[in-house]
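User: Please take a close look at one part of this model, the place where its two domains meet. I would like one connected account.

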Amino acid sequence: MSPNCLQKTMSDMASQHTSHIVIIGGGIVGSALAYFLSTSEDGKKVTAIDRSFSRLNGSTGYAPGFVGQFNESEVLTRLAIDSVEEYSKVPEGFDHVGGLEIATSNAGVENLKMRLASAKERGLEAEMISSQQAMQMAPDLVKDDNILALHFPGDGTANPSTITAFFQSEARARGVHFLEGDVTGIRRVDDRVNGVMTSAGFVQAETVVLATGIWAKNLCDFDLPVPVIPVAHPYMYGEHHKPKTYKSPFVRFPEHHVYARDHGQFFGLGSYDHKPLAENPEDTALGNWKEDFDATLDRALQLIPANTNLVPREKFNGIFSVTPDNMPLVGEIPNVKGLYMAAAVWVTHAAGCAKFLTRMLKGERVDVTMQKALDPTRFQGRDMKSLERVSLHCYNSIYSTHERS
Ligand SMILES: Cc1cc2nc3c(=O)[nH]c(=O)nc-3n(C[C@H](O)[C@H](O)[C@H](O)COP(=O)(O)OP(=O)(O)OC[C@H]3O[C@@H](n4cnc5c(N)ncnc54)[C@H](O)[C@@H]3O)c2cc1C
């Protein structure tokens, strides 16, 4: 233990809580974990800690909530299906509007055909539709000069804030303790976790889970690379419009790295079509607007029908994490007994990942393929500089994964 950690421990001892499990982070991942752990009847005391529960300062608070269940990674597909099942139980949590992927070139069509075949193999409902059909489904977001579209009727949009609030209130009702405070360090005794130092005092615990999203690296002073790289990402809201009489599916333009949706009273649009930019976030997932992002959004807006008159009313840089294989890091950190992590998890996979980790924490058998694919130690032996480079490279292919078999 570093002398610094020791010093904080001694002064924080004045106000001490004890818990069996501490979850650091109250975004959608930590809150889902608190919820699933609270449904267990093992009598274990769970404490969830965040700098703020009243306001979601992490990525969850800024995510527009696109949930496409199909992924090249079979593991991510399963986690997404599981998550949608859970979100559908949350009042106002999930809207089954469906998802459209639009091809604007022959190469794009070939890609959609491959995705259709794989999606069907995984048992997902999917169909290729004409560009006219796509226009009928999403007249405000799809132009008439596209070639073909892939429709996923089972996809939709999540309301991350509503889902997170639901998980928290259910967990609280079942006895999870919610503590507002800044976690400043993880205390170890020998090679075991002993608790966490926080601005609200020391919390003793035999198990600690890092669900700290883009801040995952901050508390990781164990001998392991944690390539959870925060990146800048532009998203915009259009002017308010009257609610439509129809519900548009969300739309993705994979060749252009652009996506758009109807938020009900305004449209939203985001793009990955820019140079990846690493961030070093302070205490919010809202970064400074980058000059290049105006041109990025201008290019993206060219894909939207002129009649929609979509112009930015509000634009922001929302920060989330990328990893070297576009897979989350979920599981045990064996170097420090009792320490676990669930980071770089998308809204799309959050409930599924939290359920997976709950089984692990309860000592139940977990799917070995999933465990291997999500293993937080899988980058051991590689240097952080090159892992960061590879992760940033993955930003432009956010829907591609390099899952280990
Ligand atoms: C603009 C944007 C668009 C996105 N689009 C989508 C999308 O369409 N679909 C999708 O699936 N995902 C999307 N994402 C990604 C998604 O939002 C995140 O992956 C997800 O919300 C991460 O959840 P989390 O709980 O892990 O992290 P967060 O929501 O960031 O929560 C982490 C929490 O940890 C707390 N914390 C950190 N360190 C400490 C500490 N030391 N002490 C106390 N508390 C601490 C923070 O306060 C924070 O509340 C998007 C994100 C952004 C920003």
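Analyst: Start with the polar side of the interface in this predicted model. Between domain 1 and domain 2 there are two residue pairs in polar contact. Both pairs are at pLDDT 80 or more. On the side of domain 1 that touches domain 2, the residues split into three nonpolar, three polar and one charged. Salt bridges are another matter: zero are found across the interface of domain 1 and domain 2.

Next, the area. About 470 Å² is buried between domain 1 and domain 2. Carbon and sulfur atoms supply 61% of that area. Which residues of domain 1 lose the most area to domain 2? They are Asn57, Ile214 and Trp215. Together these three make up 66% of what the domain 1 side buries.

Now the two partners themselves. Domain 1 is assembled from three stretches, 3–59, 161–226 and 325–383. Domain 2 takes two, 99–153 and 233–318. Seven residues from domain 1 and six residues from domain 2 form the contact. The C-alpha centres of the two domains are 33 Å apart.

The record adds some context. An unreviewed UniProt entry annotates residues 21–359 as "domain: FAD dependent oxidoreductase". In the model, that span is 25% helix and 28% strand. Its end C-alpha atoms lie 14 Å apart. The unreviewed entry also carries the annotation "transmembrane region", for residues 21–38. There the chain is 61% helix and 22% strand. The end C-alpha atoms of residues 21–38 are 11 Å apart.

To sum up the interface: about 470 Å² is buried, two residue pairs are in polar contact, and zero salt bridges are found. On the domain 1 side, Asn57, Ile214 and Trp215 lose the most area.

Notes:
Residues are numbered from 1 along each chain as its sequence is written. This is a predicted model: local features need pLDDT of at least 70, side-chain atom pairs count only at pLDDT 80 or more; totals for chains, interfaces and linings use all residues. Side-chain values use heavy atoms; hydrogens and water are left out. UniProt positions are given in the numbering used here, feature names are shortened, and annotations may be inferred rather than shown by experiment. Helices (H or I, at least four residues) and strands (E, at least two) are DSSP runs, numbered from the N terminus. Domain bounds come from an automatic or database domain assignment. Contact means heavy atoms within 4.5 Å. Buried area is the accessible area (1.4 Å probe) that two parts lose on being put together, summed over both. A salt bridge is a side-chain nitrogen of Lys or Arg within 4 Å of a carboxyl oxygen of Asp or Glu. A polar contact is a pair of N or O atoms within 3.5 Å; within protein, one must be able to donate a hydrogen and the other to accept it, and residues adjacent in sequence count only if both atoms are side-chain atoms. Ala, Val, Leu, Ile, Met, Phe, Trp, Tyr, Cys and Pro count as nonpolar, Asp, Glu, Lys and Arg as charged, and the others, Gly among them, as polar.
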